[in-house]
Amino acid sequence: FYSSDLDIQNYKEFIIRNDLHHALEKGQLKVYYQPIVNIKTSEILAVEVLLRWEHPDWGIISSDDFIYLAEESGFIIDIGNWLLREVCKNYRQWLNDGLPAIKVAINFSSIQFLEEGFVKNLKNIIREFELDPNFLIMEITESTLMRNADKTTSDIRNLKSIGIQVALDDFGTGYSSLAYLNSLNIDIIKIDGSFIRKIHSDQTSKII
């Protein structure tokens with residue numbers, strides 16, 4: 001069946017793919033910070049970094065709509081390095097302004113995480129802004145753990161040795177294995193939203 005929505009989506013993806021390479025140089029990528037709050041005390045425990053693209057024609061585009069395209073083209077490496085620098089720059093300014101030293105969670109692409117020299121590059125960027133690495137929570141997905149177990153294990157151990165916490169994102173989907181939690185010494189589990197949404201009304205979700 002014909003649907004004009006499909007034409008619009010395909011056209012949007014075509015435009016996004018073509019414009020992505022210029023998004024950084026034109027200053028269209030923006031960082032937003034979503035607070036992670038203790039619901040009992042309302043204390044802000046940390047913030048999660050959200051990347052958005054302020055496109056001149058399509059408005060604000062979620063990372064879900066362009067990160068996979070950046071991964072396909074390899075442009076994700078440049079975006080990831082820019083994002084980490086931007087976060088470090090903002091965090092340094094927060095500290096200079098006297099704001100509390102909360103944690104900051106960044107979701108790293110598996111392509112970036114598995115790149116040769118990833119840990120060294122990450123350390124260099126943090127050092128560039130004279131920050132203590134323990135402010136950072138690095139979020140990775142289960143698929144990242146499975147792609148190169150030896151490198152992943154070594155890098156996680158290296159990151160944790162300098163105070164960086166590691167969070168496992170979307171846990172409960174895919175091949176989710178408790179073995180990861182035992183062997184990799186993961187600090188934080190982010191349970192997939194599909195288990196959380198009905199927690200007040202669905203007994204099975206509540207038990208899980």
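These are my notebook entries on a predicted model, taken one topic at a time.

**Entry 1: D169**

I started with D169, which lies in strand β6, residues 165–171. I asked which side chain of opposite charge is nearest to D169. It is K190, 4.0 Å away. D169 is buried, yet I found no salt bridge for it. I then looked for a polar partner and found N107. The side chains of D169 and N107 are joined by a polar contact of 2.9 Å. I also listed the contacts of D169, leaving aside neighbours within four places in sequence. They are N107, E139, I140, T141, E142 and K190.

**Entry 2: K190 and its partner**

K190 came up again when I turned to salt bridges. It forms one with E48, with the closest N and O atoms 3.1 Å apart. E48 lies in strand β2 and K190 in strand β7, so this pair ties together parts 142 residues apart in sequence. I checked accessibility on both sides. E48 is buried at 16% relative accessible area. K190 is partly exposed at 22%.

**Entry 3: Other salt bridges**

How many salt bridges does a search of the whole structure find? It finds 8. I noted two besides the E48 pair.

D187 and K160 meet through their side chains at 2.8 Å, N to O. D187 sits in the loop between α8 and β7, and K160 sits in helix α7, so the bridge ties together parts 27 residues apart in sequence. Both ends have some exposure: D187 is partly exposed at 33%, and K160 is partly exposed at 22%. I also noted a network. Salt bridges with shared partners join E13, R17 and E72.

Within that network, R17 and E13 meet in a salt bridge of 3.2 Å, N to O. These two are 4 residues apart in helix α1, residues 4–23, which puts about one helical turn between them. The general rule fits here: an α-helix has 3.6 residues a turn, so residues three or four places apart point the same way. R17 is partly exposed at 36%, and E13 is partly exposed at 27%.

**Entry 4: Helix α5**

Next I took α5, residues 118–128. I wanted to know which of its residues are buried. They are F118, V119, L122, I125 and I126. Seen down the axis, these buried residues fall within an arc of 130°, so they line one face of the helix. On the other side of α5, I found K120 and R127 exposed. I looked up what covers the buried residues. The cover includes α3, α4, β5 and α7.

I then followed the chain out of α5. E130 comes after the helix, in the loop between α5 and β5. E130 has a positive phi of about 55° although it is not a glycine. At 68% relative accessibility, E130 counts as exposed.

**Entry 5: S42**

I found a positive phi at S42 as well, about 65°, and S42 is not a glycine either. Most residues other than glycine have a negative phi. S42 lies in the loop between β1 and β2. It counts as exposed, at 57% relative accessibility.

**Entry 6: Aromatic pairs**

I counted the aromatic pairs next: the structure holds 6. Y33 and W94 form an edge-to-face pair, 4.9 Å centre to centre with 70° between the planes. This pair links distant parts of the chain, with Y33 in strand β1 and W94 in helix α3, 61 residues apart. Y33 is partly exposed, at 23% relative accessible area.

I also looked at F108 and F118. Their ring centres are 5.4 Å apart and their planes stand at 80°, so the pair is edge-to-face. F108 is in the loop between β4 and α4, whereas F118 is in helix α5, 10 residues apart. Is each ring residue buried or exposed? F108 is buried at 3%, and F118 counts as buried at 3%.

Finally, I checked for a cluster. Y33, Y91, W94 and F135 form one.

**Entry 7: L181**

My last stop was L181, in helix α8, residues 178–183. It is partly exposed, with a relative accessible area of 25%. Leaving aside neighbours within four places in sequence, L181 is in contact with L168, F171, I186 and I189. I took one C-alpha distance here: L181 and L168 are separated by 8.9 Å, at 13 residues apart along the chain.

Definitions and conventions
Residues are numbered from 1 along each chain as its sequence is written. Side-chain values use heavy atoms; hydrogens and water are left out. Buried means under 20% relative accessible area, exposed over 50%, partly exposed in between (1.4 Å probe, protein chains only). Lys and Arg count as positive and Asp and Glu as negative; His and the chain ends are not counted. A polar contact is a pair of N or O atoms within 3.5 Å; within protein, one must be able to donate a hydrogen and the other to accept it, and residues adjacent in sequence count only if both atoms are side-chain atoms. Contact means heavy atoms within 4.5 Å. The arc is that of the directions from the helix axis to the C-beta atoms. Rings of Phe, Tyr and Trp (its six-membered ring) pair if their centres lie within 6.5 Å; planes under 30 degrees apart count as stacked, over 60 as edge-to-face and the rest as tilted.
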